[in-house]
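These are my notebook entries on a single model. I list what I looked up and what I found for each item.

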Amino acid sequence: MADTNGMDMIRSRLPDDETLYELANLFKMFGDPTRVKILSCLQMRDMCVGELAQALDMTDSAVSHQLRVLRTAKLVKGTKEGKEVKYSLDDDHVTKILEYGLTHVNEEK
């Protein structure tokens, strides 16, 4: 028979549904290899759309689309520099997510 008190304690410690939904959406951002490549480039240095497109052999339009998605998810931010926008990772948490993910993937090899 299940420990009812134990289950109540576990349920009470779970994040609320909205938080879990937001977390699931965050991890969806890492489900696209193109987005992960963009984040990996930005982990090395801030770059504009043209630089990312050149580095990844993609069109500016395709890179811009993915950057919009990543900006909406608060994973990247843009800073206007003259006529161009330089993109960077939004904060150190993004770097940590990438690093932990790579460590996990490489441990399995």
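**Entry 1: the largest pocket.** I asked which helices supply at least two residues each to the lining of the largest pocket. In this predicted model, they are α2, residues 17-29, and α6, residues 92-107. I then looked up which element gives the most, and found α2, with 5 residues. The lining has 13 residues in total, and I noted Glu22, Leu26, Ala73, Lys74 and Leu75 as those nearest the centre of the pocket. I sorted the lining by class and obtained 7 nonpolar, 2 polar and 4 charged residues. For the volume of this pocket I recorded about 260 Å³.

**Entry 2: positive phi outside glycine.** I kept in mind that most residues other than glycine have a negative phi. I therefore looked for exceptions to the rule that most such residues have a negative phi. Lys74, already entered among the residues nearest the pocket centre, has a positive phi of about 60° although it is not a glycine. I placed Lys74 in the loop between α5 and β1, the latter covering residues 76-81. Is Lys74 buried or exposed? Its relative accessible area is 63%, so I entered Lys74 as exposed.

My second case is Asp57, where phi is near 55°, again positive in a residue other than glycine. Asp57 sits in the loop that joins α4 (49-56) to α5 (60-72). With a relative accessibility of 74%, Asp57 counts as exposed.

**Entry 3: the hairpin.** I followed β1 onward to strand β2, residues 84-89, and found the two paired in the antiparallel sense over 6 bridges. Which residue of β2 stands opposite Thr79? I found Lys86 there. β1 and β2 form a hairpin with 2 residues between them. In the turn, I noted for Gly82 a positive phi of about 65°.

**Entry 4: cysteines.** I asked how many disulfides the structure holds, and the count is 0. Cys41 is in no disulfide, and the nearest cysteine sulfur to it belongs to Cys48, 12 Å away. Why does Cys48 not form a bond with Cys41? The cut-off for a disulfide is 2.5 Å between sulfur atoms, and a separation of 12 Å is therefore too far for a bond. I also checked accessibility: Cys41 counts as buried at 11%, and Cys48 is buried as well, with a relative accessible area of 7%.

**Entry 5: helix α5.** I looked up two residues of this helix, Ser61 and Thr72. Ser61 is exposed, with a relative accessible area of 56%. I compared its position with that of Gly50, which is 11 residues apart from Ser61 along the chain, and the C-alpha atoms of the two are separated by 9.5 Å.

Thr72 counts as exposed at 66% relative accessibility. I checked the surroundings of the Thr72 side chain and found one of its polar atoms 2.9 Å from the backbone oxygen of Arg68. I took Ala24 for a longer-range check: Thr72 and Ala24 are 48 residues apart along the chain, and their C-alpha atoms are separated by 14 Å.

Technical notes: Residues are numbered from 1 along each chain as its sequence is written. This is a predicted model: local features need pLDDT of at least 70, side-chain atom pairs count only at pLDDT 80 or more; totals for chains, interfaces and linings use all residues. Side-chain values use heavy atoms; hydrogens and water are left out. On a 1 Å grid over the protein atoms alone, a cavity is a set of points where a 1.4 Å probe fits but cannot get out, and a pocket is an open set with protein on both sides within 12 Å along at least five of seven lines; lining residues have an atom within 4 Å of a point. Grid points are joined across faces, edges and corners, and a volume is the space filled by probe spheres set on the points. Helices (H or I, at least four residues) and strands (E, at least two) are DSSP runs, numbered from the N terminus. Ala, Val, Leu, Ile, Met, Phe, Trp, Tyr, Cys and Pro count as nonpolar, Asp, Glu, Lys and Arg as charged, and the others, Gly among them, as polar. Buried means under 20% relative accessible area, exposed over 50%, partly exposed in between (1.4 Å probe, protein chains only). Two strands pair if DSSP finds at least two bridges between them. A polar contact is a pair of N or O atoms within 3.5 Å; within protein, one must be able to donate a hydrogen and the other to accept it, and residues adjacent in sequence count only if both atoms are side-chain atoms.
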